[in-house]
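Me: I'm new to reading structures and would love a guided close look at one part of this protein. Please explain each term as you go.

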Amino acid sequence: MATSAANSFTTHDLAFVLFIAALVLLVSVAAVRFANRSGMPTLVLYLGIGLVMGEAGLGIHFENPELTQVLGYSALALILAEGGISTRWSSIKSSIAPAALLSTLGVLVSVVVMAVFVVLLLGKSWTIALMLGAIVTSTDAAAVFSVLKRVGLPRRITGVLEAESGFNDAPVVLLVVALADAATPGRTAHAWWIVALEAAGELIGGAIIGLAIGWIFAKLSRATAPGSSGLFSIGILSVAVLAYATASLAHTSGFIAVYLAALVLGNSNLPHHRAVHGFAQAVGWLAQIGLFVLLGLLASPSRLGGQILPAILVGLLLLLIARPLSVFASLTWFRFRWQEQLFLSWAGLRGAVPVVLATVPLTVGTPNTEWIFDLVFVLVLIFTLVQALPMPWIARKLGVTESAQVLDLDVEATPLEELHADVLQLHVGETSRLNGVEIQELRLPKGANVTLIVRGEQGFVPSPRTVVRHGDQLLLVTTAKSRDQAIRRVRSVSRDGRMAGWATPLRSEQE
């Protein structure tokens with residue numbers, strides 16, 4: 001029997017699997033360029049690849065929700081780890097409180113509102129309605145991060161969206177599992193207040209474990225880092241995975257642990273920090289591709305058609321009623337303008353998380369819930385396109401864009417690391433008052449300078465008298481010490497013109 005099992009998978013089978021896997025990865029990598037040009041989120045393309053490979057396309061038959069859930073949780077842990085490592089604390093620190101409230105109170109408001117409408121319009125039981133509301137409530141880190149890169153938003157808004165997508169997976173997972181247990185015959189259903197206490201305990205416990213592991217290994221890494229940046233990068237990502245596993249074994253939230261541990265590590269003064277960021281991003285992309293293709297394989301196109309209308313109905317309720325109410329209930333206390341709240345309502349993108357959570361009732365054995373996976377799959381596919389494609393236009397119409405957007409460049413630059421320097425990219429938007437300003441009039445701090453301007457298809461090295469124009473791409477090289485001051489200066493001139501700092505005092509970077 002053992003020999004038969006060992007011989008069931010041959011080197012020929014291995015070659016075929018590797019051929020398919022490599023082909024999928026190459027197509028997925030090529031699809032990123034198309035997605036960037038068209039504004040289409042990559043997850044839609046990857047789900048489409050999975051559908052094409054499935055039973056209605058190439059004929060690969062895959063029906064294993066248990067394996068999908070296990071691999072899905074693994075991929076989500078890696079995606080959250082990449083999100084934490086890549087997120088700058090300075091970008092989200094002022095948004096932690098509103099994001100935390102949006103990830104807890106906002107989730108509860110959205111779930112209850114959705115449940116009311118699902119009961120009234122679809123005729124489902126309260127437990128099933130609450131579970132469906134919880135499944136579709138969670139925003140997706142991968143979807144949010146990919147779309148935000150092409151929208152010039154103030155730091156306050158991007159901080160809320162990034163932190164929320166990192167925080168809200170944990171409470172939603174706990175809620176979905178508890179409701180699936182309650183809806184399954186033979187499983188113990190606890191009172192709501194017991195579930196709430198358990199969830200709070202798991203979230204707090206996971207947060208403590210994640211912060212502790214991240215802090216301990218950040219301290220150790222400076223003393224024990226190997227000379228190889230590649231080996232060190234593997235070690236750092238392993239620490240984030242260790243946080244997830246430790247928290248899960250301690251019966252606390254692994255998702256909040258992995259995100260917070262990665263956030264601590266990513267914002268520590270790590271050796272080889274650029275290599276770590278690059279490796280984490282590569283692993284995050286690999287996890288996204290594998291997860292979305294797998295979810296596309298699990299879906300059955302023959303069943304999806306029957307859920308199109310219910311999915312559109314549920315999606316509209318979520319987008320136009322439940323999400324805005326949850327944002328209003330959570331962010332009004334922090335004096336967000338109504339335009340900002342409207343944009344945050346629209347920008348709550350769904351992605352892999354709801355589809356993975358839709359497998360929970362299937363694996364638990366909740367009766368008559370097969371339709372939930374199909375409905376959620378269709379909802380994510382349709383509303384990711386509906387929300388993501390017009391997002392830059394909506395941001396401009398609501399007046400929440402920034403006229404000058406500063407992005408960190410992903411570069412391999414060991415010399416810059418040794419010099420404690422950064423390379424930044426600046427895009428001069430249509431309303432930026434940088435237009436017409438000479439480079440010398442920026443009055444950048446000592447240690448910072450604009451080294452290249454790309455205008456149209458041409459790049460050139462500017463002189464102090466070079467005039468900046470709308471649409472220019474500027475490369476700014478700065479020492480780590482001068483980085484924040486240089487960003488504040490550019491933002492100030494972009495907002496107030498060449499007289500910024502003379503006519504008016506420089507305002508805070510977070511304004």
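The strands are the part to look at closely, with some of the rest of the chain for context.

Me: Which strands pair with S5 and S3, and how many bridges join them?

Reply: Happy to help! This is a predicted model, where local features need a pLDDT of at least 70 and side-chain atom pairs count only at 80 or more, while totals for chains, interfaces and linings use all residues. Residues are numbered from 1 along each chain as its sequence is written, and side-chain values use heavy atoms, with hydrogens and water left out.

Let's begin with the whole chain. Its secondary structure comes to 23 helices and five strands. Here helices (H or I, at least four residues) and strands (E, at least two) are DSSP runs, numbered from the N terminus. Of the 511 residues, 50% are buried. Buried means under 20% relative accessible area, exposed means over 50%, and partly exposed is in between, using a 1.4 Å probe and protein chains only.

Now to the strands. Two strands are said to pair if DSSP finds at least two bridges between them. Strand S5 (residues 473-479) pairs with strand S3 (residues 448-455) in the antiparallel sense, over six bridges. One place to look is Leu-452, whose bridge partner in S5 is Leu-475. S5 also pairs in the antiparallel sense with strand S2 (residues 421-428), this time over seven bridges. There, Val-423 stands opposite Val-477 of S5.

Strand S3 has another partner too. Three bridges join S3 to strand S4 (residues 458-460), and the two run antiparallel. Try finding Val-454, which stands opposite Gly-459 in S4. S3 and S4 form a hairpin with two residues between them, and Gly-456 in that turn has a positive phi of about 70 degrees.

Next, follow the side chains along S5, which alternate between two faces. Leu-474, Leu-476 and Thr-478 point to one face and are buried. Gln-473, Leu-475, Val-477 and Thr-479 point to the other face and are not buried. Notice that Leu-475 and Val-477, on that second face, are the residues we met as partners of Leu-452 and Val-423.

Between S2 and S3 there is a loop, and Arg-443 lies in it. Most residues other than glycine have a negative phi. Arg-443 has a positive phi of about 50 degrees although it is not a glycine. Arg-443 counts as partly exposed because its relative accessible area is 34%. You can find another positive phi at Asn-368, where the value is near 55 degrees. Asn-368 is in the loop between helix H19 (360-364) and helix H20 (370-388). With a relative accessibility of 62%, Asn-368 counts as exposed.

For contrast, let's visit two buried residues in helices. Ser-233 is found in helix H12 (residues 229-249), and counts as buried because its relative accessibility is 3%. Contact means heavy atoms within 4.5 Å. Leaving aside neighbours within four places in sequence, Ser-233 is in contact with Ala-275, Val-276 and Phe-279. Pro-392 lies in helix H21 (residues 391-397), and at 15% relative accessibility Pro-392 is buried too. Pro-392 and Leu-153 are 239 residues apart along the chain, yet their C-alpha atoms are separated by 9.3 Å. Across the chain, residues 24 or more positions apart account for 80% of the contacts with a separation of 6 or more.

One last stop is the empty space inside. A cavity is a set of points, on a 1 Å grid over the protein atoms alone, where a 1.4 Å probe fits but cannot get out, and lining residues have an atom within 4 Å of a point. Grid points are joined across faces, edges and corners, and the volume is the space filled by probe spheres set on the points. There are four cavities of 30 Å³ or more, and the largest holds about 50 Å³ of space. Helix H6 (96-122) and helix H16 (308-331) each supply at least two residues of the lining of the largest cavity, with H6 giving the most, four residues. Among the residues in this lining are Leu-102, Glu-164 and Arg-350.

Methods: 1 Å grid on protein atoms, 1.4 Å probe; cavity = no way out; pocket = protein on both sides within 12 Å on 5 of 7 lines; lining within 4 Å.
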